[in-house]
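Student: Could we go through this structure together? I would like to learn how its descriptions are justified.

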Amino acid sequence: MPATVHLIIPCYQESGRIGPFLAELCEVTHALGGVTIRVVEDGSDAAEVARMRAILSPLCQQHTHLLDPLFLPANLGKGGAVYAGWDQESHADWLAFVDADGSCSASEVVRLIQLAREQPTPHTALFASRMGQFGQQVHRQWQRRFIGHVFGSLVSTLLHIRIHDSQCGLKFVPRSAYTRIAPALRIHGFAFDVELLAALHDSGCPFQEIPISWFEIPGGHVHLIRDSFRMARDVLAIRRRRRAQ
Ligand SMILES: Nc1nc2c(ncn2[C@@H]2O[C@H](COP(=O)(O)OP(=O)(O)OP(=O)(O)O)[C@@H](O)[C@H]2O)c(=O)[nH]1
Ligand SMILES: [Mg+2]
């Protein structure tokens, strides 16, 4: 039996982008077996919820491994939505998430599922990375690429954990490792990946960065200036908490 994977797609105002990506993802993961997918909609307004239901209902009928979506009553942030989805799943060997916009293709998701399944135990968390290495193509606005490099350096320097791209929207975490660290996770905004990384590292679960191809889809929610400041503040808070432990 291949290892099972539970994949969350955190969504906020994504009805304009998720459709084609989710349809393709359902097709390719159905063929693999042992994968469940759940969309977690993070407190968008009623009109957006109705649009999402219209997209998701036919896909859920067509694919049994696309589980009923979770509609959160209030906006928790990307991390809050991912954790809300992971916390509902108590059986899968792997917990994962992927961004809704399709910047990371369905075939890259499949490649990481296969890498996760090939792993011996104990498992290593897999963090996709937009380093553009090993022939992987990365198309991103130069400003996002630049801020991403700066943020990766900040994380590596302040937390003493070497990583190039902590923010890539595709990650796989062994469920057993997540269960150990979940009670200590506090950050629900865009820096949640950094806290997740630090908690995994400190709990003895290794991680590996896997270069992937990335074709940025316009319409992103991350505000480069405002969110970068918030994320830097969160990284400092993570550092303070680790030092106090
Ligand atoms: N649950 C939840 N998800 C969010 C929120 N904001 C963004 N997301 C999701 O996070 C993922 C990444 O957001 P994007 O809007 O694609 O981010 P971006 O500005 O394109 O940034 P990059 O993709 O990293 O270049 C998508 O699946 C979004 O729907 C939020 O407030 N709550
Ligand atoms: Mg994006």
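**Charged pairs and a helix crossing**

Tutor: Gladly! In this predicted model, the side chains of E195 and R241 form a salt bridge, with 3.0 Å from N to O. This pair links distant parts of the chain, since E195 sits in helix α7 (residues 192–202) and R241 in helix α8 (residues 224–244), 46 residues apart.

Student: What makes the E195 and R241 pair a salt bridge?

Tutor: The N to O distance is 3.0 Å, and the rule asks for within 4 Å, so the pair qualifies. By this rule the count comes to 13 salt bridges.

Student: Why is E195 called buried?

Tutor: E195 has a relative accessibility of 5%. Buried means under 20%, so E195 counts as buried. Its partner R241 has a relative accessible area of 34%; that falls between 20% and 50%, so R241 is partly exposed.

Student: How do you know that D101 and R17 meet in a salt bridge?

Tutor: Their N to O distance is 3.4 Å, and the cut-off is within 4 Å. D101 lies in the loop between β4 (94–98) and α4, and R17 in the loop between β1 (5–11) and α1, so the pair ties together parts that are 84 residues apart in sequence. D101, at 11% relative accessibility, is buried, and R17, at 15%, is buried too. Together with E14, R17 and D101 are linked in a network of salt bridges.

Student: Is R233 buried or exposed?

Tutor: R233 has 51% relative accessibility, and exposed means over 50%, so R233 counts as exposed. R233 meets D234 in a salt bridge at 3.6 Å, N to O, while D234 is buried at 15%.

Student: Why does R144 have no salt bridge?

Tutor: The nearest side chain of opposite charge, E216, is 4.1 Å away. A salt bridge needs within 4 Å, so this pair misses the cut-off. R144 is buried and lies in helix α5 (residues 142–159). Leaving aside neighbours within four places in sequence, R144 is in contact with E216, V222 and L224.

Student: What describes the way helix α1 meets helix α4?

Tutor: Two packed helices are described by the angle and the distance between their axes. The axes of α1 (residues 18–32) and α4 (residues 106–118) come within 9 Å and cross at roughly 30°. The crossing is right-handed. Residues making the contact include F21 and L25 of α1 and V109 and I113 of α4. The contact residues divide into eight nonpolar, two polar and two charged.

How values were computed. Residues numbered from 1 in each chain as written. Chains lettered and ligands numbered in written order. Predicted model: local features only at pLDDT ≥ 70, side-chain atom pairs only at ≥ 80, totals over all residues. Heavy atoms only, no water. Helix = DSSP H or I, 4+ residues; strand = E, 2+ residues; numbered from the N terminus. Buried < 20%, exposed > 50% of the residue type's maximum accessible area, 1.4 Å probe, protein only. Lys, Arg positive; Asp, Glu negative; His and termini not counted. Contact = heavy atoms within 4.5 Å. Axes fitted to C-alpha atoms, helices over the stretch in contact; angles between N-to-C directions. Left-handed = near helix turned anticlockwise from the far one by under 90°. Nonpolar A, V, L, I, M, F, W, Y, C, P; charged D, E, K, R; others polar.
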